[in-house]
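Please look at the fold that follows with its sheet, its helices and its ligand in mind. The paragraphs below take these topics in turn.

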Amino acid sequence: MWKGKKVSLILPTYNEKDSIRKSINDFEDLKIIDDIIVVNNNAAKGTSEEVAKTSAREVIETDQGYGAAIQRGFKETDADLIFVCEPDDTFVANDVYKFLSYIDDVEVVYGSRTVKNFIGTGANMGRFLKWGNWFVAKLMEILYQTNSLSDVGCTFRLIRKNTLKKMIGHFRIRDNFFGPEMMLLTKHLDIPFVQIPVKYKERVGESSVTGDLIKAFKLGMQMIWLILTFKFRGYKKK
Ligand SMILES: Nc1nc2c(ncn2[C@@H]2O[C@H](COP(=O)(O)OP(=O)(O)O)[C@@H](O)[C@H]2O)c(=O)[nH]1
Ligand SMILES: [Mg+2]
């Protein structure tokens, strides 16, 4: 609980067998998260056994994709404040306090992994990914006149329950570029938000999204295409 509000955390998992238990334990140790939901998205063998050793509950989502996993997690929670993160040990659980300190002022808080002093040694945030993310974020900021943005790929975020209700019917992207869709929808629906620096560390195990520069470049292109076409894609304000 945080100030009398129920707090949940959604952790999608695909390839995090060797880090998921530690990641969950780090969040458990904070003692403010009431419900940790692991969305198993056809995850590596042995992942469920690791989750079973923790207090988290596991739901199975067979529809493959980061967006599909997060949208499933959103459907599973009834908490007042909902965190989304990753169980690959790249983020720091203690950063939840940074998010919580803004959630009274805005309805959604997004993390950013491109702020220099917050990038740890060995983190997968070299020049290409850092400036690529920054560039795509600035494209979004300028085209849609948003608050300052410096990352479009950060999966650590916090949203209020009532805000999620406003957004949930709009989500379409089931793939890895669901994150920017959520950001664009926040602006489209006139929902106040802020983006804040978070720590970003070296990953345990292989990244299946941005570990390979070609995959990262392709994802960047998909994100740019989404940003350029978002206005014409017929997202309605309900
Ligand atoms: N690649 C991939 N990741 C998925 C999928 N479903 C959920 N995820 C999650 O997406 C997150 C990002 O993946 P990761 O390999 O860490 O990529 P990175 O953060 O760009 O290095 C992880 O939490 C995965 O568990 C999927 O179908 N494919
Ligand atoms: Mg990751």
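Helices (H or I, at least four residues) and strands (E, at least two) are DSSP runs, numbered from the N terminus. This is a predicted model, in which local features need pLDDT of at least 70 and side-chain atom pairs count only at pLDDT 80 or more, while totals for chains, interfaces and linings use all residues. Residues are numbered from 1 along each chain as its sequence is written, and chains are lettered from A and ligands numbered from 1 in the order in which they are written.

An open sheet of seven strands runs in the order β3-β2-β1-β4-β6-β5-β7, with mixed pairing, where two strands pair if DSSP finds at least two bridges between them. Because β3 and β7 (193–197) stand at the edges with a single partner strand each, one side of each is left without a neighbour in the sheet. Within the sheet, β1 and β4 run parallel and are joined by four bridges, and S8 stands opposite I82 in β4.

Nine of the 11 residues of α3 are buried, that is, 20 or more other C-beta atoms, placed from the backbone, lie within 10 Å of their own (exposed: 12 or fewer; partly exposed: in between). The cover over these buried residues includes β1, β2 (35–40), β3 (57–60), β4 (81–84), α6 (161–168) and α7 (178–188), as judged by contact, meaning C-beta atoms, placed from the backbone, within 7 Å.

Both β1 (7–13) and α3 (66–76) also supply at least two residues each to the shell around ligand 1. Ligand 1 is surrounded by 20 residues, the closest being N41, S207, S208, V209 and T210, where a residue counts as near if its C-beta atom, placed from the backbone, lies within 6 Å.

Key. Two residues are in contact if their C-beta atoms, placed from the backbone, lie within 7 Å.
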